[in-house]
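Reader: I should like to learn how helix packing and enclosed space are read from a model. May we work through an example together?

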Amino acid sequence: MTSETRNGTGSLSAPDSAFSRLAGRTFELFLLALSAVFFALHALHLRADFPNHSPWMDWAKYTDEGWYGDAAIRHFQRGHWYVPGDFNPAAALPVWPLVESFVFRFTGVSVVAARALTVGVFGLILVASFLLLRRWLSSSVQPGEQKSASLAPAIGVLLLAVSPFCYAFMRLAILEPMLILLTLLAMLSASYIRPVERGRVESLRGLYRQPGVVWPTLALGLLVPLMVLTKTTAVFLLPAIVWLLFARAGYSLRSLLHIGLPIAVLSAGIWLGYFGFIVRPHFLSDYRYLFSANAYTGITTENALTVLRDTFTDGMWIGRLLYPLALAATLIAVFLTPRLFRVPLVPALLLWSIGYAAFLAYHNNLQPRYYLVIAVPLTLFLVVALESIWNRRGIVAPLHHLAAVSAMAALALVVATDARQTLHFVRNPEYTFADAADRIHRIIASDPTHSPLVLSISGSDLSLMTGLPSICDDFGTMELAARVRAYRPGWYVTWNEVDDDKMDALSPLYHLQRVAAFPAMDDPERNLLILYRLDPPTPASPRRHRSRPVPHLLVTSFGQQPSAAQLEH
């Protein structure tokens, strides 16, 4: 039996020889270098539109970059981040705008700087994914088993780097990339918690006197509230972290309480401190509004099966080859390599994916960007599962070779197909939305008679791209009509048409004068950006009648009227 089959973790590793180790190391470096090249491509054409004619029709490309960075944008453009009555999501989700503010302090406000920050976050996601896989796989080697280098971390990084799905969404300045990074860091921190032997329970004082406990505990106590303050749906990812802690506690609930209680107390203290000292006294209405605007479920007893089916099938957005391959690997791992699930990271990655999929089904708002949070754990699980299939012990040689060749061929096909589509996006950037924003900016700047304040659902994106001040026409704690009266915008920008509720709010104060229209993006419902100037309505003039001659008999002094005989005559 070779060292490959003796390796209990099941790793894509070569036989134990100096040459094979050198060859494996060289191949790993090649995979990482190729990943670095594709990662670098993400930094090109940062001002370009979200790829047009892509498989993903997502509203975020019109709105979310501005909305969730609005606090940072307004802080540097207006001198204050808060606009009463408007949409202020930073009250509940402050992490991303705070990070953007740090960058804008050095670069100024621009969409290129915001997207460059996201690309940097994606780079950290690749690094954290590599370290997470390598650490958990190496730490799962049992006593007496030979430890060998695994190619799974490098392959996982390559699959993420070449993914066109990641290319499209990891270049947008949205919340999901930061949430993914913080989750990976939390899982990595959990791996540094000192394991507790099964059945052994230490006092808290004794436990935290041991090395390798305090710093991971502090890191997790900070990372968990940061996840929730980045995006509240992070609560659906917490079971994955709890499972890793459970594994470090020797799968003992009592030991888990000893390890997890200080983390939970610290996390809750940070979140409660933010809520109690910042949100409740100042921004409670904005905090509640964010939840009320999203606190609905589209799933009912009548459509439950349809929603579950759509949630499952829409996973194809992740990759037409990668997603079904990950599902197939899951089934094969369950039935052929159940020993794989002894590696704590494997159930944790599945809990991450299933937990967020449960949120998607509950919310029933199946936007492609939400699947970005599922794409990363599924990709990492795939490479670990295929590696286990590759080196499954006890399988006869012909079937083993067939499984190995099939696994490598499948991975090669995924890499080649995804790389081709990503390179197509890189070679064909379009700037329809960016050019439309620039032209709108020039028109507004050339008219000193109207306020430069823009009312638009994409207003925050326009602010990020051009510096124009804006308020939202869709979300806000004040009714739109009241907001319009309070802020008196000078311009209105909409997609394709003016909705009835927007016209009802604007028509009492303004006459909408269409100034220009710009084809932009590829969504049939949002592919024409229209600029209206908001003119005060002119007072209605009394109707003028043409003068007519007055009959002689009717020309009388005041109080005199002709007699009936005179009228008859």
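Reader: How are H19 and H20 oriented to each other?

Author: Two packed helices are described by the angle between their axes and the distance between the axes. This is a predicted model, in which local features need pLDDT of at least 70, side-chain atom pairs count only at pLDDT 80 or more, and totals for chains, interfaces and linings use all residues. Residues are numbered from 1 along each chain as its sequence is written, and side-chain values use heavy atoms, without hydrogens and water. Helix H19 (residues 432–445) and helix H20 (residues 459–466) pack at about 80 degrees, with axes 10 Å apart. H19 and H20 are therefore roughly perpendicular (65 to 115 degrees).

Reader: Which residues make the contact of H19 and H20?

Author: With contact meaning heavy atoms within 4.5 Å, H19 contributes Phe 433, Ala 434, Ala 437, Asp 438 and His 441, and H20 contributes Asp 461, Leu 462, Met 465 and Thr 466.

Reader: How many cavities does a search of the whole structure find?

Author: Rolling a probe the size of a water molecule over the atoms shows where empty space is left. A cavity is a set of points on a 1 Å grid where a 1.4 Å probe fits but cannot get out, and its lining residues have an atom within 4 Å of a point. The search finds five cavities of 30 Å³ or more, and the largest holds about 80 Å³.

Reader: Which residues lie nearest the centre of the largest cavity?

Author: Of its 15 lining residues, Lys 61, Glu 65, Arg 115, Phe 433 and Met 465 lie nearest the centre. H20 gives the most to this lining, with three residues.

How values were computed. Axes are lines fitted to C-alpha atoms, for helices over the stretch in contact, and angles run from 0 to 180 degrees between N-to-C directions. Helices (H or I, at least four residues) and strands (E, at least two) are DSSP runs, numbered from the N terminus. Angles under 35 degrees count as roughly parallel, over 145 as roughly antiparallel, 65 to 115 as roughly perpendicular and the rest as oblique. On a 1 Å grid over the protein atoms alone, a cavity is a set of points where a 1.4 Å probe fits but cannot get out, and a pocket is an open set with protein on both sides within 12 Å along at least five of seven lines; lining residues have an atom within 4 Å of a point. Grid points are joined across faces, edges and corners, and a volume is the space filled by probe spheres set on the points.
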